[in-house]
Every structure is written in C-alpha cells, then in structure tokens.
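Q: Please take one part of this structure and go through it closely. I would like to know how its pieces are put together, residue by residue where that helps.

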Amino acid sequence: MALFEVGQIFKGDQPEDQLTAASGVRRALAKASGVGRHWQGNGAVDALDVKADALSVLIAAGAPAQAMQVVPGGPSWLHPGRSGTIQIGPQNVLGYFGELHPRALEALDAEGPLVAFEVILERIPDAKTRPTRAKPQLELSAFQPVSRDFAFVVDTKVKAGDIVRAAQNVDRKLITAVTVFDVYEGKGIEDGKKSIAIAVTLQPRDKTMTDEEIDATGKKIVAEVSKRTGGVLRG
C-alpha cells in the first residue's frame, strides 16, 4: 500500500509557523515500479524508494535539482542508519526520507517495512527569472503497450546494463522500458557464462502493433544485443 497527502502543518500559533507539507508512505511491496519480478527475489520497499519520491516532488514543485544536497540522518521518527535529509545548504532543510524507526512503528502499531518522506513546500526557493528550456510536450498513447521477455546467455563479465542499453538503442521512441528480472548462473549454463533476462515494453504511438511488427522489433533487439555484448538468445 502507498499513500500520500499534501496539507498544512502547524509548528506554533504565528503565521510563519503554518507550513505546507507534501508527504507519502510506502509499505511492504509498494515500490514505484510495482511488485513485478526481480532476480534477487526481494521487492520490499526501502529508503531509496522514498528518496526518489521526495526528490521527484521537490523538482516538480520547482526546487533546483543541481542545488539540492542529500545528507545522512533525519528526525527521530526515522531510522538513523536508513534515512536522509534533503537540503540546500545547512540552513535550508527541504525535507526528510527514510525507513520508520522501530519505536515509531511500535507507537503506530504498524508492521514494517514502512518508509516515508516529508518535504516542506514553502522552503523551496523562488525560481530565478532567467530563460529556461521548456519541458518537452507530454505524449500519451491511446494504444495498449506490449511487453516481451528475452533471455540472453553472455560471458560473466558482461554487465546487465550493457544489455539494457543495447535493447533501448533499437528504437528509443518505441521502446519505453527495459528492465532486468532474472540473472542466473548454474545448471544448464556453461562455465564462464550467465543468463540475463530482460522485459521490454513497446509503446506504439500511431496504431496497434501487428504480430509481424512485434516480431520484427524483437529480432532487431536480439541482433543488437548480440552485436554489442556477444549474447546469444537462450533456448
């Protein structure tokens, strides 16, 4: 389960004590990427998930990405070794993220893993009045995405990222996601080799893809991965 809220908080009874907080929590398997499949077999949420949430909220609200710093630690309700503070210099703390402290879980009568973030919107500095590059227009497709799995046998020295990049380079507009969901060495794979499996998402823009078009793209992916990494499609 994942929840979020944007609302007022009150540090005191003066106008400057009223602030607007954007906060969120994720529990158990509620990662941003979904439960999905992962070769490590552990899809539980962690501090990095809410770090990404907090930074995304701040950037969307206008915080300067290049100026933000992340330092270890946070308030007492967060685990001291699994939390962080986002700031623009030590005098302007924008927010916190991390795993809830065991004492906080006990006080809430909640079961972990439970991670959370909180950012204060008033602490985001005003944007500098200078020309900036406009964000690209958001393109949403009315057509159903298509997902295909590929498993490649490669030398053990080949990195999974090399396979991901090779697949993405086939058609960056059509291929919207490439994720690794399995890495295997052992029975059935010769010594010095490993199997890396990826899931590729194709997002058509103009029309629904035919089976022939999907197969053609799949062949291009296999050819490109083979060319870049020496990988062979696993039978």
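A: Two strands count as paired if DSSP finds at least two bridges between them. The model is a predicted one, and the part chosen here is strand E7 with the elements around it.

Strand E7 covers residues 146-155. Its pairing with strand E10, made of residues 232-233, is antiparallel and rests on two bridges. Within that pairing, Phe-152 has Leu-233 of E10 as its bridge partner. E7 also runs antiparallel to strand E9, and here the bridges number 10. One of the residues involved is Val-146, whose bridge partner in E9 is Leu-202.

Phe-152 also takes part in a ring pair. A pair of aromatic rings is described by how far apart the centres are and by the angle between the planes. The count of aromatic pairs comes to one. That pair is Phe-150 with Phe-152, with 6.3 Å from centre to centre and 15° between the planes. It is classed as stacked because planes under 30 degrees apart count as such. Both rings belong to buried residues: Phe-150 has a relative accessibility of 11%, and Phe-152 has 0%. In a regular strand, side chains alternate between the two faces of the sheet.

Next comes helix H3, residues 160-168, in which Ile-163, Val-164, Ala-166 and Ala-167 are buried. These residues lie on the same side of H3, because the arc they cover around the axis is only 165°. What do they pack against? The partners are E7, strand E8 (175-184), strand E9 (193-202) and helix H4 (211-229).

Two residues show this packing in detail. Ile-175 is found in strand E8. With a relative accessible area of 5%, Ile-175 is buried. Apart from its neighbours within four places in sequence, Ile-175 touches Ala-167, Gln-168, Val-170, Val-200, Thr-201, Leu-202 and Ile-221. Among these, Ala-167 is one of the buried residues of H3, and Leu-202 is the residue that pairs with Val-146 of E7. Measured against the start of the chain in sequence terms, Ile-175 lies 174 residues from Met-1, and the C-alpha to C-alpha separation is 29 Å.

The second residue is Glu-224, in helix H4. Is Glu-224 buried or exposed? It is buried, at a relative accessible area of 16%. Its side chain makes a polar contact of 2.8 Å with the side chain of Arg-228. With neighbours within four places in sequence left aside, Glu-224 is in contact with Ala-166 and Val-170. Ala-166 is again one of the buried residues of H3, and Val-170 is also in contact with Ile-175.

For context, there is also an open sheet of six strands, with antiparallel pairing in the order E1-E2-E6-E5-E4-E3. Its edge strands are E1 (2-10) and E3 (69-72), each of which pairs on one side only. From one strand to the next the twist averages 20°. Helix H1, residues 47-60, packs on this sheet and touches E2, E3, E4, E5 and E6. The direction of H1 makes about 20° with that of E6. Within the sheet, E4 (residues 78-87) and E5 (residues 93-100) are antiparallel and joined by six bridges, with Ile-86 opposite Gly-95 of E5.

Technical notes:
Residues are numbered from 1 along each chain as its sequence is written. This is a predicted model: local features need pLDDT of at least 70, side-chain atom pairs count only at pLDDT 80 or more; totals for chains, interfaces and linings use all residues. Side-chain values use heavy atoms; hydrogens and water are left out. Buried means under 20% relative accessible area, exposed over 50%, partly exposed in between (1.4 Å probe, protein chains only). Helices (H or I, at least four residues) and strands (E, at least two) are DSSP runs, numbered from the N terminus. The arc is that of the directions from the helix axis to the C-beta atoms. Contact means heavy atoms within 4.5 Å. Axes are lines fitted to C-alpha atoms, for helices over the stretch in contact, and angles run from 0 to 180 degrees between N-to-C directions. A polar contact is a pair of N or O atoms within 3.5 Å; within protein, one must be able to donate a hydrogen and the other to accept it, and residues adjacent in sequence count only if both atoms are side-chain atoms. Rings of Phe, Tyr and Trp (its six-membered ring) pair if their centres lie within 6.5 Å; planes under 30 degrees apart count as stacked, over 60 as edge-to-face and the rest as tilted.
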